[in-house]
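The following exchange concerns charged side chains and how their contacts and surroundings are classified. Please consider the structure shown here before reading on.

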Amino acid sequence: MQRIGVFICHCGTNIAATVDVERVTEAVKKEPYVVFAQNYQYMCSENGQQLIKTAIRENKLTGVVVCSCSPRMHEATFRKTAEEAGLNPYLVEIANIREQCSWIHKDIEEATEKAIVLARTAIAKLTLNKPLIAGETGVTKRALIIGGGIAGIQAALDIADAGYEVDIVEKRPTIGGRMAQLDKTFPTLDCAACILTPKMVDCAQNEKINMFTYSEIEEVKGFVGNFKVKIRKKARYVDEKKCTGCGVCMANCPSKKGLNEFNMDLNNRPAIYIPFAQAIPNVAVIDPEQCLKLKTGKCGLCQMKCGAGAIDYTQKDEIVEREYGAIVVATGFRPIKLDNFNEYGYADNKDVITSLELERLMNAAGPTKGTLLRPSDLTHPKVITFIQCVGSRDVSGCGKPYCSKICCMYTAKHAMLIREKYPDTEVHVFYIDVRTPGKNYDEFYRRAVEQYNVDYIKGMVGKVYNENGKLMVQGSNLLDNEQITIPSDLVVLATAIEPDPSVRDIATKLTISIDTNNFLTEAHAKLKPVECATAGVFLAGVCQGPKDVPETVSQASAAASKVIGLLAKDKLKGNPCVSHCDENTCIGCSQCEQVCPYGAITYEEKEFRIGGGKTEKRRVACVNPAVCQGCGACTVTCPSGAMDIHGFSFEQINKEIEAICKR
């Protein structure tokens, strides 16, 4: 005989303000098998959990329904509570009467009726629940970092310092990411390279860290604690073990018309190159689209001049297979393309540039050796106008609806650096409003206005056009309520940032979610900000949302701490709510195997008795419970209904539907 207890939470006023919890309590008492029902202000509190434990013991409950918030919040809490009272944790059901009820209804009568239906549904399902036992799997004591920017570097160093092996996979020829392209950092105006380069060197020298540069993730299989990853090491056509980074090959390369990606295409580089002076590893790479030897079979000067014998034109891509216990995604960002913003004249005027291009022009290692010159004629600009929020906070559909978070600060930084180095230069900034949400950030912005006399103009720019060699910036001054036009020598666009385009492919390979702006989605915005819904995968940096360097480093260390906690365990408990196959009805069609995102389903030939002492061999599906994540893709695909999920069977779901339809 089943004995079910139902516990209804007030959640302060989150639920009780819209749902009549007393009425819900009285209604569920009339449901079959319910022998105990009680409401309490905070069920997740220590007192609330003790109330559940006491009720389980005193009323000999065989199952528990908690009517509260989303199971994503406290299902694990209530399962643990039940287990401590001697009840199997999978005999606990959550009825979500907060997010699915009280938060979306204003009418108390309507919300209360729905809460009763949701409670009734959970009770109906619970009557068919069976005790489940979670299995255990081992943990591979190695972590994978996807992305070698400051987020990936910080996460790798923290994990390595804890004594675990780490592999960094970076698609570019060197680690460092976007921070390596910066000149100074706000709000301290530290040299970006001076901060970043020591960490890059630490990565190279740390015996626990292995770097796969100029490499990409080819395939990911497995599950938390036991990921199997294929890494494609692209052919550099240079032997990393032999190359000394002397630069002789670059000096002798006759093909020097390739655009320099590191300098934002503002100058050219040879076909064989090292991206920048502090590159890690300090190893050359050949661009096969530009190399004369690889394209025509002629030339070969770099090979002839290389004293170390490092050049190898026969090199091919290599696939490396590794196993990992945890994965950190730190794929970074890029500035948005400006194809939809013709009003600023970016495509037509060389002297309309982006903020990241300005970073390279102001950098001592940049195309102009740190001297700020107009790209069109290499003269010093006397009037510079910055335009804020280009593509950010744009609900028209041309740009991005979100704030890119870093633009206000880096524009203030650029304005201060220009005014300090070139006091004769006028600097104007068109802005919607200034956002400075960080420690000492507002003070930094005020320094630009008060100490460096940067002219901030509240208003938007409608058009930038060329007139007699001057860039005419036409916009509005909302404070003075007038239209103005500023003749400028250089216009700098503070462009929005977006996740690196590789993030969609990575999300597919790791089966993690992305939002409408292609940022990777965390498991919970407040309680699990660095974790994914896919166990064992963690997030760091701008791949998860816009953030500056300090916030990125903080999140990378947070992700690393989660990885360390996971790798410190010898065994992980699995999820018993996994698929299983009814071999008697399986027709061996392979459809479930094809849709399984985790590779948990295989097929085997098995013998079955068919009567009269005879047997026959049939091909049937077999599920690896350690790999299966219980997503349910196989159950809805199976044409014969042979696939089902423990804890979420067809019978249980039908029972829930019947309960909802009950009047």
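Q: Why is Glu583 called partly exposed?

A: In this predicted model, Glu583 has a relative accessibility of 24%. Buried requires under 20% and exposed over 50%, so Glu583 counts as partly exposed.

Q: What makes the contact between Glu583 and Lys606 a salt bridge?

A: The N to O separation of their side chains is 2.6 Å. The criterion is a Lys or Arg side-chain nitrogen within 4 Å of an Asp or Glu carboxyl oxygen, and the pair therefore qualifies.

Q: Which parts does the pair of Glu583 and Lys606 tie together?

A: Glu583 belongs to the loop between strand E31 (579-581) and helix H15 (591-595), whereas Lys606 is in strand E32 (residues 601-611). The pair thus ties together parts that are 23 residues apart in sequence.

Q: How do you know whether Lys606 is buried or partly exposed?

A: Its relative accessibility is 26%. Since the intermediate class runs between 20% and 50%, Lys606 is partly exposed.

Q: Why do Arg269 and Glu261 count as a salt bridge, and how is each classed by accessibility?

A: Their side chains meet at 2.9 Å, N to O, which satisfies the limit of within 4 Å. Arg269, at 5%, falls under 20% and is therefore buried. Glu261, at 43%, lies between the two cut-offs and is therefore partly exposed.

Q: How many salt bridges does a search of the whole structure find, and which residues are linked with Asp500 in a network?

A: The search finds 37 salt bridges. Glu170, Lys171 and Arg172 are linked with Asp500 in a network of such contacts.

Definitions and conventions
Residues numbered from 1 in each chain as written. Predicted model: local features only at pLDDT ≥ 70, side-chain atom pairs only at ≥ 80, totals over all residues. Heavy atoms only, no water. Buried < 20%, exposed > 50% of the residue type's maximum accessible area, 1.4 Å probe, protein only. Helix = DSSP H or I, 4+ residues; strand = E, 2+ residues; numbered from the N terminus.
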